[in-house]
Amino acid sequence: MKLSHFNFDLPKDLLAEYPSESRDEARLMVVHRETGEIEHKLFKDLIDYFDEGDVMVLNNTKVFPARLFGNKEKTGARIEVFLLRELNADQRLWDVLVDPARKIRIGNKLYFGEDESLVAEVIDNTTSRGRTLRFLYDGSYDEFRQKLSELGETPLPKYIKRDVEPEDEERYQTIYAKHEGAVAAPTAGLHFSKHLLKRLEIKGIDFAEVTLHVGLGTFNPVEVEDLSKHKMDSEELYIDDKSVDTVNSAKAKKHKVCAVGTTVMRGLESSVSSARTLNTFQGWTNKFIFPPYEFSIADCMITNFHTPKSTLLMMVSAFAGHDLMMKAYKEAVKEKYKFYSYGDAMLIL
């Protein structure tokens, strides 16, 4: 398959600027792979499609406030710094993106906060926008991380043109987020409310958790027509024994295993045994899934609506079948479903 197979017209007004009023009252499109049937529901109706013993796999990564604004020494120019990942905790080295990048060179210092209590020095260029920063801060490591949290803001995707609002801190985070490390939310999980999780639990649905720290690579544009030449950025992934046992036991008993989001699907498919069961995992994955692809673990998935030519659209097309997915997306545009991070959801059965 080629990049151009994943293009479609997406009206700008369908990109969600805000989440639905209640998490579980976003719209839900249900796509049946075997029959091609498409249903229109609300997210909380999800419960009707699962039975006792089925398993939902959640990504429990937690988004940290990764976007900082600082000023360049001497000129005072305002610089956006997007924290990607910590390289060395002792030396306070971070891999970051800077904007505007042309102004930021090795040796420059950046000052953060009104009292300039946090300073960073640029010590390396990594990519056209990428830099390595060493943060200079008089205090313990915990105090330093606290300072980053205070100064940082919720890293809403760039397509959301409005300013970050207080509500975003809560809504751009799943209610089951535990392990800090993501710079973008695993957005399919944003639709789960405490009430819906409780109802699923009462019905006998089991939950397994993986941790995949979502990086910005997920959203990197594909710039090659031949998909086999696209390289995904690596993301950190952890799958523990407990989750492995829950998933493999459900599969052995022929219960459904549902991947909540493309990040979970990517994580599961990164650690498959030769017997097509799930293995434990601790490390990094750069797995890129596009059609044709044979999935080993999940029988169904929950996902949001993705943008044209994105690696996320390629993955869901591999799972649902390309023609059916493009038909579903055409219907979503016609029915005015909301797209992307704060948008509506799809259940693929």
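How far apart do the C-alpha centres of domain 1 and domain 2 lie? In this predicted model, the two centres are separated by 32 Å. Domain 1 is made of two stretches of the chain, 3-63 and 169-348, while domain 2 covers 67-153. The account below begins with the contact between these domains, continues with salt bridges, and ends with two buried sites.

The contact between the domains draws on 5 residues from domain 1 and 6 residues from domain 2. The size of an interface is often given as the accessible area lost when the parts come together. For domain 1 and domain 2 this buried area is about 430 Å², and 59% of it falls on carbon and sulfur atoms. On the side of domain 1, three residues stand out: Glu180, Val183 and Leu216 provide 73% of the area that this domain buries against domain 2, more than any other three residues.

Polar interactions also cross the boundary. Between domain 1 and domain 2 there are 2 residue pairs in polar contact. Sorted by class, the residues of domain 1 that touch domain 2 comprise 3 nonpolar, 1 polar and 1 charged. The interface of the two domains contains 1 salt bridge. Glu180 is paired in a salt bridge with Arg145, with 3.2 Å between the closest N and O atoms. Glu180 thus appears both in this pair and among the three residues that supply 73% of the area buried by domain 1 against domain 2.

Arg145 leads onward to another partner. A salt bridge also joins Arg145 to Glu86, where the closest N and O atoms are 3.6 Å apart. This pair connects distant parts of the chain, since Arg145 belongs to helix 1 (residues 141-151) and Glu86 to strand 6, 59 residues apart. Is Glu86 buried or exposed? With a relative accessible area of 28%, Glu86 is partly exposed, because the buried class requires a value under 20% and the exposed class a value over 50%.

Strand 6 takes part in a further salt bridge. Glu80 pairs with Arg67, and their closest N and O atoms are 3.1 Å apart. Glu80 lies in strand 6 (residues 78-88) and Arg67 in strand 5 (residues 67-72), so the salt bridge ties together parts that are 13 residues apart in sequence. Both members of the pair, Glu80 and Arg67, are buried.

A salt bridge within a single helix offers another setting. Glu201 and Lys198 form a salt bridge whose closest N and O atoms are 3.4 Å apart. The two residues are separated by about one helical turn, because they are 3 residues apart in helix 3 (residues 194-202). Glu201 is partly exposed, at a relative accessible area of 45%, and Lys198 is likewise partly exposed, at 44%. Elsewhere, salt bridges with shared partners join Arg67, Glu80 and Lys158 into one network. The whole structure contains 17 salt bridges, including those described here.

Attention now turns to helix 6. How many of the residues of helix 6 (residues 311-320) are buried? The helix is mostly covered, and 10 of its 10 residues are buried. Among them are Leu312, Leu313, Met314, Met315, Val316 and Phe319, together with Thr311 and Ser317. The elements against which these buried residues pack are helix 5 (262-269), strand 16 (300-304), helix 7 (322-334) and strand 17 (345-348). Gly321, with a positive phi near 100 degrees, follows helix 6.

Val316 illustrates these surroundings. Val316 is part of helix 6 and counts as buried because its relative accessibility is 0%. Leaving aside residues up to four places away in sequence, Val316 touches Thr262, Met301, Thr303, His306, Gly321, Met325, Tyr329 and Ile348. Val316 and Met265 are 51 residues apart in sequence, yet their C-alpha atoms are 9.5 Å apart in space.

A second buried site lies in a loop. His230 is located between strand 12 (206-212) and strand 13 (235-239). Its relative accessible area is 12%, which means that His230 is buried. Apart from residues up to four places away in sequence, His230 touches Pro221, Val222, Val224, Phe288 and Thr311. Thr311 is also one of the buried residues of helix 6, and the contact with His230 therefore connects this loop to that helix.

How values were computed:
Residues numbered from 1 in each chain as written. Predicted model: local features only at pLDDT ≥ 70, side-chain atom pairs only at ≥ 80, totals over all residues. Heavy atoms only, no water. Domains from an automatic or database assignment. Contact = heavy atoms within 4.5 Å. Buried area = accessible area lost by both parts, 1.4 Å probe. Salt bridge = Lys/Arg side-chain N within 4 Å of Asp/Glu carboxyl O. Polar contact = N/O pair within 3.5 Å; in protein donor to acceptor, adjacent residues only side chain to side chain. Nonpolar A, V, L, I, M, F, W, Y, C, P; charged D, E, K, R; others polar. Buried < 20%, exposed > 50% of the residue type's maximum accessible area, 1.4 Å probe, protein only. Helix = DSSP H or I, 4+ residues; strand = E, 2+ residues; numbered from the N terminus.
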